[in-house]
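Student: I'd like a close look at the inside of this protein, one part at a time. Could you walk me through how the packing hangs together?

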Amino acid sequence: MAPRQLHLNVNLLHSGVYPSAWRLPDSDPRAFFDLGHYVRVAQIAERGKLDAIFLADSPAVNDRIDYRSFTSLEPTIILATVAAATTHVGLIGTVSTSYNEPYNIARRFVSLDHASGGRSGWNAVTTADAASSRNFGLTGALEHKARYERAKEFTEVVHALFDSWEDDAFVGDKASARFVDTSKVHPIAHRGPHYTVAGPLNVPRSPQGRPVTVQAGGSNDGRDFAAAYAEAVFTLAQSIEEGVAYARDLRTRAAAYGRSGDSIVILPGLATVIGSTEAEAKRRQDELWELVPIEYSLARLAGTLQIDPALLELDKPLPDPLPLPANANHTMFQGTVNLARRGNLTVRQLIRALGGGVGHRIIVGTPEQIADDIEAWFKAGAADGFNLMPDVLPTGLETFVETVVPILQKRGLFRTEYTGTTLRDHFGLARPTSRFAKRAPEVASA
């Protein structure tokens with residue numbers, strides 16, 4: 001059996017994960033709506049043999065855009081453009097189950113899969129913020145559990161539509177005038193509490209069987225959703241112990257759904273600040289931190305905690321108690337509170353530990369220190385890899401690819417070449433057969 005290897009995505013957060021990334025001299029403030037920027041970053045990721053680029057999304061203005069760049073362009077439009085400029089790197093886009101229809105999303109991602117030769121992935125999220133709900137004619141977000149119940153049915157419909165064409169349904173035989181074998185194109189006839197969808201999809205089967213389904217969330221409902229449907233999970237963990245506990249819990253839940261726990265790739269977020277020496281890396285972190293307005297950081301923290309910013313005093317700990325908000329990002333809330341309580345941090349110290357609003361774990365150091373940290377998490381079973389969040393883009397990713405990736409490759413932890421062409425190949429996921437086909441069970445990816 002081949003040794004287990006890391007999976008690495010880059011979370012392509014416009015100018016970089018730090019709120020101040022756009023202010024550095026070599027950054028372009030227009031990057032967040034420049035398609036060329038996304039193409040350049042994706043090509044760097046491909047040069048480093050990374051598994052995929054990952055695009056977050058929000059269908060609203062819900063950050064302090066007077067202070068920082070933000071997610072703006074629609075992800076699948078970006079990914080279709082990137083597909084034409086790359087050959088191997090996977091293309092994962094976030095699309096909400098709360099404000100879309102299953103048929104449109106299934107069609108969009110199968111189309112992207114054809115456009116990219118089998119490299120697409122759908123990050124299914126439920127969207128909790130009130131600003132997004134108001135853009136779709138609602139007065140507020142659905143209650144947390146209701147969002148996930150809807151998401152499960154949404155995903156079930158999407159997967160059925162992915163399967164509605166069997167692999168060999170398209171014939172295209174000119175001599176016999178047989179274009180499609182209609183016995184292998186199936187209506188899904190779905191009727192449920194939230195959706196009624198006839199099917200079939202009007203696009204032939206995806207080159208990789210189905211686009212890869214990704215999920216980002218760590219709440220109880222989110223974990224249950226991931227256990228049932230996700231093939232890769234973007235999660236938050238601040239310590240190896242948290243990562244191990246999350247992985248164990250998710251794999252146990254997956255088994256309860258009749259799935260192999262090893263069929264889910266677990267990818268915590270990891271923000272990186274890299275220097276040729278530890279002192280240089282810390283100077284870079286200090287520069288980025290000092291360029292983040294404290295007003296922004298306080299507003300961002302208050303938004304995560306769903307409290308009035310006036311309740312946050314910079315040189316005191318977080319208010320206690322802090323009840324879990326009914327409708328909020330439970331993963332980010334819990335990760336933030338745990339970090340503060342574990343270190344007994346003041347609000348000022350917490351904001352700095354969060355990189356002024358990053359939220360995910362930050363590691364600052366030399367390429368060797370970054371590689372050591374990644375290896376420790378991987379070997380401990382706390383992660384199958386990481387959703388990398390470079391401090392600044394594209395320079396932070398370039399540094400990672402040029403300095404950290406060779407160390408991981410030399411240690412035998414990461415590929416030196418792509419061994420397949422699809423996102424499933426990169427993640428080592430099975431190619432699923434259509435649920436409607438009468439054929440042998442799933443065949444493992446090469």
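Student: Leaving aside its neighbours within four places in sequence, which residues is Leu 397 in contact with?

Tutor: Bear in mind that this is a predicted model. Once neighbours within four places in sequence are set aside, Leu 397 is in contact with Val 10, Val 41, Ile 44, Ala 45, Leu 50, Pro 390 and Val 392.

Two of those names, Leu 397 and Leu 50, come up again in the largest nonpolar core, which has 71 residues. Along with Ile 53, Phe 400 and Leu 408, they touch the most other members of that core. If you go by helices and strands, the top contributor is helix H5 (residues 144-162), which puts in eight residues. There is also a second, separate core of 25 residues, and Val 17, Tyr 18, Ala 271 and Phe 427 are among its members. As a general point, nonpolar side chains in soluble globular proteins tend to be buried together.

Now for the gaps in the packing. There are two cavities of 30 Å³ or more. The largest holds about 70 Å³ of space, and its lining includes Leu 12, His 14, Tyr 38, Leu 55 and Asp 57, plus a run from Thr 71 through Ser 72 to Leu 73. By class, that lining has seven nonpolar, three polar and one charged residues. The second largest cavity comes in at about 30 Å³. Around it sit Asn 9, Phe 54, Val 214, Ala 232, Val 233, Phe 234, Leu 267 and Asn 387. Strand E10 (residues 232-235) supplies three of these, the largest share of the lining. Here the split is six nonpolar, two polar and no charged.

Phe 427, already mentioned as part of the second core, also turns up at an open site. The second largest pocket has about 680 Å³ of space and is lined by 24 residues, with Arg 4, Gln 5, His 7, Phe 427 and Gly 428 lying nearest its centre. Helix H14 (residues 423-427) gives the most to that lining, with three residues. The pocket lining divides into ten nonpolar, seven polar and seven charged residues.

Next, have a look at strand E12 (residues 361-365), where five of five residues are buried. Arg 361, Ile 363 and Gly 365 point one way, while Ile 362 and Val 364 point the other way. That fits the general pattern, in which side chains of a regular strand alternate between the two faces of the sheet. For a partner, E12 has strand E11 (residues 265-274), and the two pair in the parallel sense over five bridges. Within that pairing, Thr 272 of the chain stands opposite Ile 363 in E12.

Last stop: a loop residue that is well worth clicking on. Leu 318 is found in the loop between helix H9 (294-305) and helix H10 (330-343). Despite that loop position, Leu 318 counts as buried because its relative accessible area is 5%, and the cut-off for buried is under 20%. Not counting residues up to four places away in sequence, Leu 318 touches Leu 301, Leu 305, Leu 312, Val 337, Ala 340, Arg 341, Leu 345, Val 347 and Leu 350. Take the last of those: Leu 318 and Leu 350 are 32 residues apart along the chain, and their C-alpha atoms are separated by 8.9 Å.

Note on methods
Residues numbered from 1 in each chain as written. Predicted model: local features only at pLDDT ≥ 70, side-chain atom pairs only at ≥ 80, totals over all residues. Heavy atoms only, no water. Buried < 20%, exposed > 50% of the residue type's maximum accessible area, 1.4 Å probe, protein only. Helix = DSSP H or I, 4+ residues; strand = E, 2+ residues; numbered from the N terminus. Pairing = 2+ DSSP bridges. Core = buried A, V, L, I, M, F, W, Y, C linked by side-chain atoms within 4.5 Å. Contact = heavy atoms within 4.5 Å. 1 Å grid on protein atoms, 1.4 Å probe; cavity = no way out; pocket = protein on both sides within 12 Å on 5 of 7 lines; lining within 4 Å. Points joined across faces, edges and corners; volume = space filled by probe spheres on them. Nonpolar A, V, L, I, M, F, W, Y, C, P; charged D, E, K, R; others polar.
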